[in-house]
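Q: I would like to learn how to read a structure that I have not seen before. Where should one begin?

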Amino acid sequence: MIYGALLSSKLVVDGRYAEAVDAATSEMLTQPDEPEAYFNRGQALAGLERFEEAIADYEKALTMDDSASSVDPETIDDEIFFALRRAADARRSDPERAVQTLERYRQVLPNGRHLDDIGKWADAFKGVETVWYRER
């Protein structure tokens, strides 16, 4: 499969997220082994700020055989972290719960690209101010 060949891909690019959710859901029924459909629905759900649902679709896409698909696992990695961070941000008033949401990333992607970012965001949710400095 060539990335972008699914209708849901075009709808996501066009910002037509509700339509993309419907299209991707239909594509999942006709092509149940195609990770791009799950990825696209995840993107559309994230565009609709339905982050928990998006995370579930990204996780499903990661577990699928992507050898016949052009979905990039690193892109899914980035999107999962983004969705988890946004879901955690929605729980900012409960820092412990926000951090637990972020920690889900470590479970899903124990070798993920954003492991170091978990601590930084966890500190932010706990009210720890990051101080940046430059060595001379």
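The dialogue below goes from the whole chain to its helices, their packing and single residues.

Q: What kind of model is this, and how many helices and strands are in the chain?

A: This is a predicted model. The chain has seven helices and zero strands, so its pattern along the sequence reads α-α-α-α-α-α-α.

Q: What box do the C-alpha atoms fill, and what share of the residues counts as buried?

A: Along the principal axes, the C-alpha atoms fill a box of roughly 50 × 30 × 30 Å. The chain has 136 residues, and 40% of them count as buried. As for contacts between residues at least 6 apart in sequence, 57% join residues at least 24 apart.

Q: How is the span of helix H2 checked against its number of residues?

A: The expected span comes from a rise of 1.5 Å a residue. Helix H2 covers residues 17–30, which is 14 residues, and should span 20 Å. Its end C-alpha atoms are 20 Å apart, which agrees. For helix H6, residues 95–108, the expected span is 20 Å and the end C-alpha atoms are 21 Å apart, which also agrees.

Q: Which residues of H2 and H6 are buried, and what packs against them or covers them?

A: In H2 the buried residues are Ala-20, Val-21, Ala-23, Ala-24, Glu-27 and Met-28. They pack against helix H1 (7–13), H3 and H4. In H6 they are Ala-98, Val-99, Thr-101, Leu-102 and Tyr-105. Their cover includes helix H4 (51–63), helix H5 (73–89) and helix H7 (115–125).

Q: How do H3 and H4 pack?

A: Two packed helices are described by the angle between their axes and the distance between the axes. For helix H3 (residues 35–47) and H4, the angle is about 165 degrees and the axes are 8 Å apart. Angles over 145 degrees count as roughly antiparallel, so H3 is roughly antiparallel to H4. H3 passes H4 in a left-handed crossing. Residues making the contact include Tyr-38, Phe-39 and Leu-45 of H3 and Phe-51, Asp-57 and Lys-60 of H4. By class, this contact has nine nonpolar, two polar and four charged residues.

Q: How do H4 and H5 pack?

A: Their angle is about 155 degrees, with the axes 9 Å apart. H4 is therefore roughly antiparallel to H5. The crossing of H4 with H5 is left-handed. Among the residues in contact are Ile-55, Tyr-58 and Leu-62 of H4 and Ile-76, Ile-80 and Phe-82 of H5. The classes here are 12 nonpolar, no polar and four charged residues.

Q: Is Ala-54 buried or exposed, and which residues does it touch?

A: Ala-54 is found in helix H4. Buried means under 20% relative accessible area, and Ala-54, at 0%, counts as buried. Leaving aside residues up to four places away in sequence, Ala-54 touches Gly-42, Leu-45 and Ala-46. From Ala-54 to Asn-40 there are 14 residues in sequence and 9.3 Å in space, C-alpha to C-alpha.

Q: Why is the phi of Glu-49 worth a look?

A: Most residues other than glycine have a negative phi. Glu-49 is not a glycine, although it has a positive phi of about 60 degrees. Glu-49 lies in the loop between H3 and H4. With a relative accessible area of 55%, Glu-49 is exposed.

Terms used: Residues numbered from 1 in each chain as written. Predicted model: local features only at pLDDT ≥ 70, side-chain atom pairs only at ≥ 80, totals over all residues. Heavy atoms only, no water. Helix = DSSP H or I, 4+ residues; strand = E, 2+ residues; numbered from the N terminus. Expected span 1.5 Å × (residues − 1). Buried < 20%, exposed > 50% of the residue type's maximum accessible area, 1.4 Å probe, protein only. Contact = heavy atoms within 4.5 Å. Axes fitted to C-alpha atoms, helices over the stretch in contact; angles between N-to-C directions. Parallel < 35°, antiparallel > 145°, perpendicular 65-115°, else oblique. Left-handed = near helix turned anticlockwise from the far one by under 90°. Nonpolar A, V, L, I, M, F, W, Y, C, P; charged D, E, K, R; others polar.
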